[in-house]
Amino acid sequence: MQNQIDRIRSFIAVVDTGSFTQAARYLRLSKSMVSIHIKALETELGVSLLNRNTRRFTLTETGEILYQDFRQVLMQLEQTLDKARLGQQELQGYLRLSSTSEFGEYYILPLLNQFMQLHPQLQIQYMFNSSIDDLINHKLDLAIRLGTLKDSNYRHRKLADYTIKLVASPLLLQKFSLENSEDLSTLPYLANSNLRHSKLSHDVKLNALFSQLHQNSFFETNTIAALKKMAINHAGMTILPQWYIKEELAKGELIALFPELPLLSQSVNVIFPYGEHVPRKTRLFIDFLKENIKLDI
């Protein structure tokens with residue numbers, strides 16, 4: 001029975017991740033073992049599940065039908081096992097999650113250490129990533145993301161809010177004359193690609209200004225670490241979370257431009273796959289984050 005379950009898990013993992021290599025990484029097996037599992041499953045069933053060539057594979061018609069059936073069966077099995085574990089004090093198995101590197105360093109890793117001490121039998125797999133796609137590609141249980149969520153294919157829960165600041169270095173500001181917010185268009189702008197489609201203010205004119213600044217920016221990145229480094233080195237002004245630059249603001253390395261600007265607060269969200277059943281380990285970790293994340297906003 002266990003051999004059959006392992007073979008089915010390998011088949012589902014290959015289809016979900018899109019490759020034997022990714023499936024092997026997710027299952028912590030060798031690529032050859034995953035291939036053996038699927039060949040054994042095909043032999044046992046007497047059907048072909050995958051059409052293979054040197055670069056990719058496609059599901060056969062039978063494979064498509066069985067994939068849906070197998071996935072439902074495995075989900076029901078995992079739900080049953082999870083219910084059976086409800087009486088156990090210790091969480092077991094794997095918890096797979098990701099967050100951006102900066103937020104992870106400041107907030108997630110310290111809390112993750114506490115959670116691991118509370119549940120020493122739980123095995124953690126933690127990745128630094130800012131993409132939402134990795135939730136499916138790497139079979140993550142959850143991902144912590146900052147800012148406006150653009151993908152509705154996942155469930156989410158807000159963990160906290162934080163303020164953002166438009167900042168620049170004192171040396172850069174010496175080169176420009178800023179009397180009002182309209183003068184901001186004269187400064188070089190460092191753009192955060194994660195904010196490209198985000199609404200940053202309820203003020204229509206200000207929001208349009210930021211959209212134009214982003215479009216004309218000479219530097220764009222998806223990491224706030226790079227933005228902070230570039231801003232401190234006088235390369236341009238940028239928008240950063242206040243929790244991430246509180247020390248630089250206190251030291252005067254960065255200055256908040258027009259602090260009265262009506263910039264919208266951003267949110268920290270945890271996203272996780274849709275489904276009737278959310279595993280107990282996932283629920284408890286999300287509750288733990290919600291209770292313990294305290295942002296210096």
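Let's start with one pair of residues: S99 stands opposite F128 in β4. Keep in mind that this is a predicted model.

Where does that pair belong? Strand β3 covers residues 93–99. It pairs with β4 in the parallel sense, over seven bridges. A quick reminder on pairing. Strands of a sheet are held together through backbone hydrogen bonds, either parallel or antiparallel.

Now step back to the sheet itself. It is an open sheet of five strands. Read across it and the order is β4-β3-β5-β12-β6. The pairing is mixed. Which strands stand at the edges? They are β4, residues 122–128, and β6. Each has a single partner strand, so one side of each has no neighbour in the sheet. The sheet is also twisted in this sense: neighbouring strands are turned by 20° against each other on average, direction ignored.

Next, what packs on this sheet? Helix α11 does, residues 280–292. The helix touches β3, β4, β5, β6 and β12, the last being residues 266–273. The direction of α11 makes about 15° with that of β6.

On to another helix, α10. This one runs through residues 242–251. Which of its residues are buried? W243, Y244, I245 and E248. Note the glutamate in that list. And what do these buried residues pack against? Two helices are among their partners: α5, residues 101–118, and α9, residues 224–232. Strands join in as well: β5 (142–146), β6 (154–162), β7 (164–168) and β10 (238–241). So β5 and β6 turn up again; they also belong to the open sheet, and α11 touches them too. Just after α10 comes G252, with a positive phi of about 85°.

Let's move to the surface. L29, M33 and I36 make a nonpolar patch of about 230 Å². Take L29 from that patch. Where is it? L29 lies in the loop between α2, residues 20–27, and α3, residues 31–45. Is L29 buried or exposed? Neither label fits: its relative accessibility is 33%, so L29 counts as partly exposed.

Last, the whole chain. It has eleven helices and twelve strands. There are 297 residues, and 41% of them count as buried. The chain exposes about 16,100 Å², and carbon and sulfur atoms supply 49% of that area. What about contacts along the sequence? Take those between residues at least 6 apart. Of these, 75% join residues at least 24 apart.

Key: Residues are numbered from 1 along each chain as its sequence is written. This is a predicted model: local features need pLDDT of at least 70, side-chain atom pairs count only at pLDDT 80 or more; totals for chains, interfaces and linings use all residues. Side-chain values use heavy atoms; hydrogens and water are left out. Patches are made of residues with over 30% relative accessible area and no salt bridge: like charges are joined within 9 Å, nonpolar side chains (Val, Leu, Ile, Met, Phe, Trp, Tyr) within 5 Å. Accessible areas come from the Shrake-Rupley method with a 1.4 Å probe; for residues, only the protein chains shown count as cover. A salt bridge is a side-chain nitrogen of Lys or Arg within 4 Å of a carboxyl oxygen of Asp or Glu. Helices (H or I, at least four residues) and strands (E, at least two) are DSSP runs, numbered from the N terminus. Buried means under 20% relative accessible area, exposed over 50%, partly exposed in between (1.4 Å probe, protein chains only). Contact means heavy atoms within 4.5 Å. Two strands pair if DSSP finds at least two bridges between them. Axes are lines fitted to C-alpha atoms, for helices over the stretch in contact, and angles run from 0 to 180 degrees between N-to-C directions.
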